[in-house]
Amino acid sequence: MLAKRIIACLDVKDGQTVKGVSFENLRYAGDPVELGKAYSEQGVDELVYLDITATNEGRKQIYSLVESVAKNLSIPFTIGGGITSVEDAENLLIHGADKISVNSAAVRNPQLVSDLALKFGKQFVVVAIDAKTIDNQWIVHTHGGKRPTEKELFSWAREMEDRGAGEILFTSMDHDGHQTGFANEALARLSDMLSIPVIASGGAGEMEHFKDVFNIGKADAALAASIFHFGKIAIPDLKRYLAANNINVRV
Amino acid sequence: MKIAIIDYKAGNIKSVEAALQRLGCQTVLTKSHDIIKSADKVIFPGVGNAGAAMEALRAEKLDALIPTLRQPVLGICLGMQLMCRHSEEEDTDALGIFDVDVVKFVPKNGEKIPQMGWNQIFGLRTPLYDGVGENSFVYFVHSYMVPVFDGTAATCDYTVQFSASIAKNNFYGTQFHPEKSGVVGHKILENFLKI
């Protein structure tokens, strides 16, 4: 049976991992490759590197990072952040990225997703959607959640699937950072209506939340950052817990 | 050991190269018939769509070369599918090394297509799987699949049982990505290098 995936997300700025990490035996906590390796050895199924570098000079460092990750890791990884064109994506592919994720650029230019899927195949294209509820509607936000758009989550996700997204990474801004569980109701609706995998993000705090996001939220994969980085939940413990609760995970 | 990776602009090659280099191999990404023919082993990678891939192979006459190769050849993902007779993807005639056709997954219980992620392989045979445990997890990304047939070397279950791997004479194929399959994938590539 296809396993439910656990994904760790690493924020990268100027080629270095940001956000604290409390991994033992890790020489360079700021080194995204070392950190990725440590996660891989712990049994994480995939990694997402989110480039939050603001400057153009800094952004170039992402290529050497991608190359180094591809060289040193033998699990799949996605690169996101600041990808606005087919050329950006192609450069990342050439340097070894398995997938790229687009967010604000897809909202600005939905055709980009069609172009990416046509050129590289839909398996390469993850569409990240940040949304929060406003007047009982899930409203899509861009620019790291700062700007509301006129788009509504479910119709937007459907359009992205139709245009060739291979996966939808949905972050609930209502839940992100609260560590009180994922947006299971919205996730289940997304998962039921789409025929591509849905990655849940935002809200993980306890191991139980992962059980719920797979059972109730019907997610195909669950992504988290801080709780893994700060060692609140260790991946091997999480996998064992999920397996004990009859969720098919890779152990 | 010298490994030729067939170059026909077939997606992410870096990871395959890196995985083989970690195993101590010298790799060359090439479309040169001479270099491919003289390599110790050949990797036939591939991500993308079957029609465009076959066109790219034909443009370099690689479609004629590949079936004549004598050394061990490993087709990965789309590379494996193209070694079959025909693909339902854009009604594409393929290389015909394996007497089987590639078909699209049909969801049975709301399964997502593509199959994307880690799934288990079983019924393992051929030296490719020496020391690999039954039901090991490997990483798949695909919408089309090869049904189970007499060339099946490993089976996987997603909507139906299908060929996770195929083998015939010097030709081997994996639907999954060994280069993305952690320690299990590493072992499978290591085994291939020993064939």
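**Exercise 1. State which residue follows helix α5(A) and give its phi, then identify the buried residues of the helix and the elements they pack against**.

Solution. Helix α5(A) is followed by A:G121, whose phi is positive, near 90 degrees. The structure is a predicted model. The next step is to list the buried residues of α5(A), which spans residues 111-120 of chain A: they are A:L112, A:V113, A:S114, A:L116, A:A117 and A:F120. In an α-helix there are 3.6 residues a turn, so residues three or four places apart point the same way. Finally, the partners are read off: the buried residues of α5(A) pack against the helices α3 (86-94), α4 (104-108) and α6 (153-163), and against the strands β5 (99-102) and β6 (125-134), of chain A.

**Exercise 2. Determine which strands pair with β11(A) and which way its residues point**.

Solution. Begin with strand β1 (residues 5-13) of chain A, which pairs with β11(A) in the parallel sense over four bridges. In this pairing, A:I6 stands opposite A:A222. Next, take strand β10 (residues 198-201) of chain A: β10(A) and β11(A) are also parallel, and three bridges join them. Here A:A200 has A:A222 as its bridge partner. Turning to the side chains of β11(A) (residues 221-224), A:A221 and A:L223 point one way, A:A222 and A:A224 point the other way, and all are buried.

**Exercise 3. Place helix α8(A) relative to β10(A) and β11(A), and classify its packing against α10(A)**.

Solution. First, the connection: β10(A), helix α8 (residues 207-215) of chain A and β11(A) make a right-handed β-α-β unit. Second, the geometry: α8(A) and helix α10 (residues 235-244) of chain A pack at an angle of about 50 degrees, and their axes are 10 Å apart. Angles under 35 degrees count as roughly parallel and those from 65 to 115 as roughly perpendicular; α8(A) and α10(A) are therefore oblique to each other. Third, the handedness: α8(A) passes α10(A) in a right-handed crossing. The contact involves A:M207, A:E208, A:F210, A:K211 and A:F214 from α8(A), and A:D237, A:L238, A:Y241 and A:L242 from α10(A).

**Exercise 4. Give the strand order of the four-stranded open sheet of chain B and name its edge strands**.

Solution. The order is β6-β5-β7-β10 in chain B, and the pairing is mixed. The edges are β6 (92-93) and β10 (144-145) of chain B, each of which pairs on one side only. At the β10(B) edge, strand β7 (residues 101-104) of chain B runs antiparallel to β10(B), with two bridges between them. One residue pair can be named: B:K104 has B:Y144 of β10(B) as its bridge partner.

Definitions and conventions. Residues numbered from 1 in each chain as written. Chains lettered and ligands numbered in written order. Predicted model: local features only at pLDDT ≥ 70, side-chain atom pairs only at ≥ 80, totals over all residues. Heavy atoms only, no water. Buried < 20%, exposed > 50% of the residue type's maximum accessible area, 1.4 Å probe, protein only. Contact = heavy atoms within 4.5 Å. Pairing = 2+ DSSP bridges. Right-handed = clockwise from strand over helix to strand, strands pointing away. Axes fitted to C-alpha atoms, helices over the stretch in contact; angles between N-to-C directions. Parallel < 35°, antiparallel > 145°, perpendicular 65-115°, else oblique. Left-handed = near helix turned anticlockwise from the far one by under 90°.
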